[in-house]
Amino acid sequence: MSEPFKFSKAYPSDHLRSPDLGGKEVTLTIKSWEYTDKKKDKGGDGQTMEGLVLLFKESPKRFVSNVTNFKAIKELHGPEPDSWVGKAITLRPDVARFGRDMVDCIRIKGPGSKPLPTTNPFKDQ
C-alpha cells in the first residue's frame, strides 16, 4: 500500500498554504515580520505576492498575509506588526472567491469563528 497523499510533498513550497493545515486549525507564534521580497515571495503562478510576511517559531514556512488577514490580526493584537512578535494567532483553512473561482485560502481565527479540530502539521519537519 502506498503512503497517504500529502499536498505539500507533491507541490513543495516555502510558503504556508491552505492544504498545509490539513483541514484543521493551527496555532502558531509570530517570530518576526517583514515586507514581501520580490525574489522570495512568488505565488504558484509565478506572480510576485504583495503584503506582509509573517515568520513563525513553529514553522519554517513563510506566510504572506493579505489585507483581510492583516485586519484580523490587527483586531487581535493591535495595528503595529512589531507588537505581534511573540503572540499567537490561529490559522484556519477556508475558501474565498477569486475572480470566478472559489479557491482554498487561510484565514485568521477571530472572535466568533467556527471552531475546527486543532493540530500542528509542522511538528515532524
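**Exercise 1. The sheet**

Task: In this predicted model, find the order of the strands in the open sheet and name the edge strands.

Solution.
Step 1. Read across the sheet. Its 5 strands run in the order β3-β2-β1-β4-β5.
Step 2. Check the sense of pairing. The pairing is antiparallel. Strands of a sheet pair through backbone hydrogen bonds, either parallel or antiparallel.
Step 3. Look at the two ends of the order. β3 (63–65) and β5 (101–108) are the edge strands, and each pairs on one side only.
Step 4. Add the twist. From one strand to the next it averages 45 degrees.

**Exercise 2. One strand pair and a helix**

Task: Describe how β4 and β5 pair, then state which strands helix α2 touches.

Solution.
Step 1. Locate β4. This strand covers residues 88–98.
Step 2. Count the bridges. β4 and β5 are joined over 8 bridges, in the antiparallel sense.
Step 3. Pick out one facing pair. Arg97 stands opposite Met102 in β5.
Step 4. Turn to the helix. α2 (residues 67–77) packs on the sheet. Its contacts are with β2 (52–56), β3, β4 and β5.
Step 5. Compare directions. The direction of α2 makes about 20 degrees with that of β5.

**Exercise 3. Salt bridges**

Task: How many salt bridges does the model hold? Work through three of them: Lys61 with Asp20, Lys109 with Glu25, and Glu34 with Arg62.

Solution.
Step 1. Get the count. There are 4 salt bridges, taking a nitrogen–oxygen cut-off of 4 Å.
Step 2. Take Lys61 and Asp20. Their closest N and O atoms are 3.3 Å apart. Lys61 sits in the loop between β2 and β3, while Asp20 sits in the loop between α1 (7–10) and β1 (26–35). The two are 41 residues apart. Both Lys61 and Asp20 are buried.
Step 3. Take Lys109 and Glu25. Here the closest N and O atoms are 3.4 Å apart. Lys109 lies in the segment after β5 and Glu25 in the loop between α1 and β1, so this pair ties together parts that are 84 residues apart in sequence.
Step 4. Classify this pair by accessibility. Buried means under 20%. Glu25 has 3% relative accessibility, so Glu25 is buried. Lys109, with a relative accessible area of 25%, is partly exposed.
Step 5. Take Glu34 and Arg62. Their closest N and O atoms are 2.8 Å apart. Glu34 belongs to strand β1 and Arg62 to the loop between β2 and β3, 28 residues apart.
Step 6. Classify again. Glu34 is partly exposed at 27% relative accessibility. Arg62 is buried at 8%.

**Exercise 4. The largest pocket**

Task: Which element gives the largest share of the lining of the largest pocket?

Solution.
Step 1. Start with the volume. The largest pocket holds about 920 Å³ of space.
Step 2. Find its lining. There are 28 lining residues, and Arg17, Gly43, Met49, Val64 and Asp104 lie nearest the centre.
Step 3. List the elements that give two or more residues. They are β3, β4 and β5.
Step 4. Choose among them. β5 gives the largest share, 5 residues.

**Exercise 5. His15**

Task: Is His15 buried or exposed, and which residues does His15 touch?

Solution.
Step 1. Place the residue. His15 is in the loop between α1 and β1.
Step 2. Judge accessibility. The relative accessible area of His15 is 7%, so His15 is buried.
Step 3. List the contacts, leaving out residues up to four places away in sequence. His15 touches Asp20, Lys40, Asp41, Lys42, Met49, Lys61, Arg62 and Val64.
Step 4. Link back to Exercise 3. Among these contacts are Asp20 and Lys61, which form a salt bridge with each other.

Key. Residues numbered from 1 in each chain as written. Predicted model: local features only at pLDDT ≥ 70, side-chain atom pairs only at ≥ 80, totals over all residues. Heavy atoms only, no water. Pairing = 2+ DSSP bridges. Helix = DSSP H or I, 4+ residues; strand = E, 2+ residues; numbered from the N terminus. Axes fitted to C-alpha atoms, helices over the stretch in contact; angles between N-to-C directions. Contact = heavy atoms within 4.5 Å. Salt bridge = Lys/Arg side-chain N within 4 Å of Asp/Glu carboxyl O. Buried < 20%, exposed > 50% of the residue type's maximum accessible area, 1.4 Å probe, protein only. 1 Å grid on protein atoms, 1.4 Å probe; cavity = no way out; pocket = protein on both sides within 12 Å on 5 of 7 lines; lining within 4 Å. Points joined across faces, edges and corners; volume = space filled by probe spheres on them.
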